Amino acid sequence: MDAQKGKLRKYAEFQDMEIVGEYSDEGHSGKNIKGRQEFMRMLNDIEDGKDGVDFVLVFKLSRFGRNAADVLSSLQLMQDYGVNLICVEDGIDSSKEAGKLLISIIAAVAEMERENIRVQTMAGREQKAREGKWNGGFAPYGYRLENGELVIAEDEVEIIQMIFDRYIHTNDGINGVANYMNNHGYTKKLRQNGTIPGFSSSFIKKIIDNPVYMGKIAYGRRRTEKKAGTRNETHVVAQSDFPVYEGVHEAIIAEEDWELAQEKRSKNNYRREKIHDPEHAHILSGILKCPCCGKGMYGNVAKAGRKDNKTRYYYYCKNTVNATGHKCTFRCNIEQSQIDDMLVKLITAMTKEGKFKDAIQDKIGATVDTTDLENSYLC
């Protein structure tokens, strides 16, 4: 980074240019502009006409972007405000004739190169899985890494065995196993990929579903896929079908026991029907705090019953419904209508206070007329 900045400064000095700002997205990929705060700040400054700049200097075009569509759209925005791009190492100046053509070609090549690197990397990882080797990242709970290989962690292995034993030989489901562990004094060792000593249902699920514990290496259990209808947005999608290879590491659980756990998982694996009401919003979801543990409370829906055929909306603390690793004794579901009524009364009282208007005016720097607000909530 320092070498690149040094070369840009020398170029500016040689061309008798004045540097009025520096923007550096260190540690961010150029595959798209999403998440590149400094890049977006630069574009915003150009739109605002800050410092009246004429050029943006980059070390290479790949530092500006590796997605051809993003490169060209960003360049077009800059040129709309009379600002051009100079790629020092590539010797490209968008203000020159054929400069934009060269940028289009190099940007397309850079995008293709990035895709080739990704494909080759994934192929290498799959080959490593075929050989039964760990593909990198944190070791799963129950193992530790030695020279890049999985070795059983003696101080964690009992937890793994207990989880499988409870799940296979009792009527406990995933949530039940987590509650049992939490209620009987078991704790997790704190590590990089496990920051709480308690057991959550999601942790139990990951343990039971991972074939690494029967001595196998799975590849492609989750894949990064492009979101439909978007240009660069992606999300991680769990795969129902993926290859599993014989691992070189020692198993913690017998393969027969792992298969028994999967049979139970398939029987118990059902999803509650989601009730979507576009006319109802859980406006305090995550904002309302549990009076016991202090965590955010979230909106939920109780499907209409046979007696009154009425759908009910309420807020609840997730720590009391699902095992999350955090203890909470709050057992009440708070009716949203009750909270909403309290909120209306609170807002009504606040709007009557002159300090409320003054506080809003100071906050947004504009005159605020709360007459409509007062009339809407006064009974």
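**Close-ups of a predicted model**

**Figure 1. The whole chain, for orientation.** The protein's secondary structure adds up to 13 helices and 12 strands. Keep in mind that this is a predicted model. The protein has 379 residues, and 32% of them count as buried. About 24400 Å² of the protein is exposed, with carbon and sulfur atoms supplying 49% of that area. As for contacts between residues at least 6 apart in sequence, 56% link residues at least 24 apart.

**Figure 2. An open sheet built from 3 strands.** Here the strands line up in the order 1-2-3, and their pairing is mixed. Strand 1 (55-58) and strand 3 (92-93) sit at the edges with a single partner strand each, so each has one side without a neighbour in the sheet. As a reminder, strands of a sheet pair through backbone hydrogen bonds, either parallel or antiparallel.

**Figure 3. Zooming in on strands 2 and 3.** Strand 2 (residues 84-87) and strand 3 run antiparallel, and 2 bridges hook them up. Look for C87, whose bridge partner in strand 3 is I92.

**Figure 4. Where helix 6 crosses helix 9.** Helix 6 (residues 157-169) and helix 9 (residues 255-268) have axes that come within 9 Å, crossing at roughly 55°. With that angle, helix 6 counts as oblique to helix 9. The crossing of the two helices is left-handed.

**Figure 5. Side by side at the helix 6 and helix 9 contact.** Which residues make the contact between helix 6 and helix 9? From helix 6 come F164, Y167 and I168. Helix 9 brings D257, W258, L260, A261, K264, R265 and N268.

Note on methods: Residues are numbered from 1 along each chain as its sequence is written. This is a predicted model: local features need pLDDT of at least 70, side-chain atom pairs count only at pLDDT 80 or more; totals for chains, interfaces and linings use all residues. Side-chain values use heavy atoms; hydrogens and water are left out. Helices (H or I, at least four residues) and strands (E, at least two) are DSSP runs, numbered from the N terminus. Buried means under 20% relative accessible area, exposed over 50%, partly exposed in between (1.4 Å probe, protein chains only). Contact means heavy atoms within 4.5 Å. Accessible areas come from the Shrake-Rupley method with a 1.4 Å probe; for residues, only the protein chains shown count as cover. Two strands pair if DSSP finds at least two bridges between them. Axes are lines fitted to C-alpha atoms, for helices over the stretch in contact, and angles run from 0 to 180 degrees between N-to-C directions. Angles under 35 degrees count as roughly parallel, over 145 as roughly antiparallel, 65 to 115 as roughly perpendicular and the rest as oblique. A crossing is left-handed if the near helix is turned anticlockwise from the far one by less than a right angle, and right-handed if clockwise.
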